[in-house]
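Open the structure in your viewer and keep the selection box at hand. We will go from stop to stop.

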Amino acid sequence: MTAFNYPHLINLSKIVPALLMGNTLVLKPSPYTPLEALALGDIATEAGIPPGTLNIVTGGGDVGQVLTTDGRVDMVSFTGSATIGAAVMEQGAPTIKKVLLELGGKSALIAREDVEVDMVAEQAAMGLTYQAGQGCGLCSRFLVHNSILPAFVEKATAVLQSIKVGNPADPATQMGPLIREVQRERVAGMVDAAVRHGATVATGGRAPEHLTKGFFYEPTLLTKVDNHDTIAQEEVFGPVGVVIGFDTDDEAVAIANDSRYGLSGAIWSADSSRAFDMALRIRTGTVKINGGAPIETPFGGYKWSGIGREYGTHGLDEYTEIKAITYRS
């Protein structure tokens, strides 16, 4: 069962390992992005995959509940929100289903005092705009050493203000719309509530006035935010980042861990050894140091961010069972 934000990629991340490990499967895509799944069905038919091996069923939560409760289904692999992930576990419990859950995140990017501020601020700001911020693994909490915090905010603000928001079909567009109106209302409501509770909008915080058609929202950066504020604890799933200052590495690690999520994260520092030590102490499934490396590593979360891993050999192992056979020779 897959999400809307990266529909083609997430569909493949379920189908490929399941088939490679010898399973048949049912793919139920998000009701907001069914076409990518149906296209994969056509491709599978043309490729000669036997009938009944890959089955695609579209629909909403009622269809999903049929799959999660049916005793003939041995495993459910789900990508989506923590709320629905918990429901999947509950629905599958009576038939003792194995579950693979890739859920939400509220990942922290830590910028130590020794970084090149403009470069890190640009990377952080651009990260908010991928998929219009609709990415579970995106960093949306910017933990910045207080000595460089003003410069970080100034640069990140300038970068976000330069982003061209508009029609995704236009090659000049850098960020498109959110998935639907209810999602834009959620993002706007969370930002407005944060401002009422004392946050300051460095940039954004509204729908673009020049775009009257489509579910657009400006890239947004908030300052004067406490990590205990709702905007710093709840997944927004929109192009909204918060800046939180710190004074010591221990404080940064503590703030990063002060979240019920634990999916991704990033540390920027001129001292890679110190950054590695901090990464070991952060309770999250992935930590990229100074941008990370372009390799496929196991992906998944701690705490409310999920159960299990996708990609690599770890992802293949999720779709099989271990059997021990012993005998006397």
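Here is a tour of two sheets and the helices around them.

**Before you start**

This is a predicted model, in which local features need pLDDT of at least 70, side-chain atom pairs count only at pLDDT 80 or more, and totals for chains, interfaces and linings use all residues. Residues are numbered from 1 along each chain as its sequence is written, and side-chain values use heavy atoms, with hydrogens and water left out.

Helices (H or I, at least four residues) and strands (E, at least two) are DSSP runs, numbered from the N terminus.

**Stop 1: the three-stranded sheet**

Select 75-79 and 306-307. These are β3 and β14, the edge strands of an open sheet, and each pairs on one side only. Two strands pair if DSSP finds at least two bridges between them.

Now add residues 98-102, which form strand β4. The order of the three strands is β3-β4-β14, with mixed pairing.

Look at each pairing in turn. β3 and β4 pair in the parallel sense, over five bridges. Find Met-75: Lys-98 in β4 stands opposite. On the other pairing, β4 and β14 are antiparallel, over two bridges. Here Leu-101 has Ile-307 in β14 as its bridge partner.

How many of the five residues of β4 are buried? Four are, and the strand is mostly covered. Buried means under 20% relative accessible area, exposed means over 50%, and partly exposed lies in between (1.4 Å probe, protein chains only).

**Stop 2: helices α4 and α3**

Select residues 82-92. This is helix α4, and it lies across β3, β4 and β14. α4 runs at about 180° to β4. Axes are lines fitted to C-alpha atoms, for helices over the stretch in contact, and angles run from 0 to 180 degrees between N-to-C directions.

Next, select residues 61-69 for helix α3. Colour Gly-64, Leu-67 and Thr-68, the buried residues of α3. They cover an arc of only 95° around the axis, so they sit on the same side of α3. The arc is that of the directions from the helix axis to the C-beta atoms. Turn to the other side of α3, where Asp-62 and Val-66 are exposed.

What do the buried residues of α3 pack against? They pack against β1 (25-27), β3 and α4. Contact means heavy atoms within 4.5 Å.

Show α3 and α4 together. They pack at an angle of about 45°, with their axes 8 Å apart. The two helices are therefore oblique to each other. Angles under 35 degrees count as roughly parallel, over 145 as roughly antiparallel, 65 to 115 as roughly perpendicular and the rest as oblique. Gln-65, Thr-68 and Thr-69 of α3 meet Val-88, Gln-91 and Gly-92 of α4.

**Stop 3: the seven-stranded sheet**

Move to the other sheet. It is open and mixed, and its seven strands run in the order β7-β8-β9-β6-β5-β11-β12. β7 (200-203) and β12 stand at the edges with a single partner strand each, so one side of each has no neighbour in the sheet.

Select residues 107-111 and 139-145. These are β5 and β6, which pair in the parallel sense over five bridges. Leu-109 has Phe-142 in β6 as its bridge partner.

Add residues 181-196, helix α7, which packs on the sheet and touches β7, β8 (220-223) and β9 (240-246). The direction of α7 makes about 25° with that of β8.

**Stop 4: helix α9**

Select residues 249-257. The buried residues of this helix, α9, are Asp-249, Ala-252, Val-253, Ile-255 and Ala-256. Seen down the axis of α9, they fall within an arc of 165°, so they line one face of the helix. These buried residues pack against β5, β6, β9 and α10 (272-281).

**Stop 5: Ile-289**

Select Ile-289 in strand β12 (residues 288-289). Is Ile-289 buried or partly exposed? Its relative accessibility is 23%, so it counts as partly exposed.

Now show its contacts. Leaving aside neighbours within four places in sequence, Ile-289 touches Ile-267, Ala-275, Phe-276 and Ala-279. Finally, draw a line from Ile-289 to Ser-273, C-alpha to C-alpha. They are 16 residues apart in sequence and 10.0 Å apart in space.
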